Amino acid sequence: MNSDNDLQIAGDILEVPHLLQPPREHPATVAEFVGFARSIAADRDQWAHLVRFDATTRWYHRLRTGPGYEVWLLSWLPGQGSGRHDHGRSSGVLTVVEGTLTEHTVRGTRALAAGAQRVFAPGYVHEVVNDTLEPAVSLHVYHPGLTEMPMHAAPHCEAPSVTA
């Protein structure tokens, strides 16, 4: 078979063990962090018994730490929100595990139902809120661990001035 591509792999790459990397004990890439968050979210026995709901504020619990990362579990009663913020120098993966949350950014609004994930880089500004009538729970992985969460003023929504 002729090909315009100079690179061809003959046979099954999985049959060449020295080319495969051993699985890592801790995630190191964006894809690995996303998969890591999914696997924790899927293992409800690991976290469901820890969830608490607080009528006065969002509840949160640091579930796990590893080299350079933290995993947090958060609960959201109807009406509770994060305020507009970023995560300083941390990147993150937000995974909704129960209920629905709404994310507001300068690019628009997105409903995040159970199973939805958002990946964000340092400096990503958003607001997350539970604007449904049911409680919600989310799982957050931060790399490096979350050391700051600067709050941001809401953008001004001024009506255009009309001149006569």
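This is a short talk on strand E4, its partner strands, and two residues, Thr-102 and Arg-89. Keep in mind that the model is predicted.

I'll start with the strands. E4 covers residues 100-105 and E5 covers residues 108-113; the two pair antiparallel, with six bridges between them. The connection from E4 to E5 is a hairpin of two residues. To fix the register, look at Leu-101, which sits opposite Leu-112 in E5. E4 also has antiparallel bridges to E7, residues 127-129, and there are three of them.

Now Thr-102, which belongs to E4. Opposite Thr-102, in E7, is Val-129. Is Thr-102 buried or exposed? Its relative accessibility is 7%, so Thr-102 counts as buried; the cut-off for that is under 20%. The side chain of Thr-102 makes a polar contact of 2.8 Å with the side chain of Asp-131. Leaving aside residues up to four places away in sequence, Thr-102 touches Thr-109, Arg-110 and Ala-111, and also Glu-127, Val-128, Val-129 and Asp-131.

The second residue is Arg-89. Where is Arg-89 placed? Arg-89 lies in the loop between strand E2, 69-76, and strand E3, 91-98. With a relative accessible area of 54%, Arg-89 is exposed, because the cut-off for exposed is over 50%. Which residues does Arg-89 touch, not counting those up to four places away in sequence? They are Pro-122, His-143, Pro-144, Thr-147 and Glu-148. Take Thr-147 from that list: Arg-89 and Thr-147 are 58 residues apart in sequence, and their C-alpha atoms are 8.2 Å apart in space.

Definitions and conventions. Residues are numbered from 1 along each chain as its sequence is written. This is a predicted model: local features need pLDDT of at least 70, side-chain atom pairs count only at pLDDT 80 or more; totals for chains, interfaces and linings use all residues. Side-chain values use heavy atoms; hydrogens and water are left out. Two strands pair if DSSP finds at least two bridges between them. Helices (H or I, at least four residues) and strands (E, at least two) are DSSP runs, numbered from the N terminus. Buried means under 20% relative accessible area, exposed over 50%, partly exposed in between (1.4 Å probe, protein chains only). A polar contact is a pair of N or O atoms within 3.5 Å; within protein, one must be able to donate a hydrogen and the other to accept it, and residues adjacent in sequence count only if both atoms are side-chain atoms. Contact means heavy atoms within 4.5 Å.
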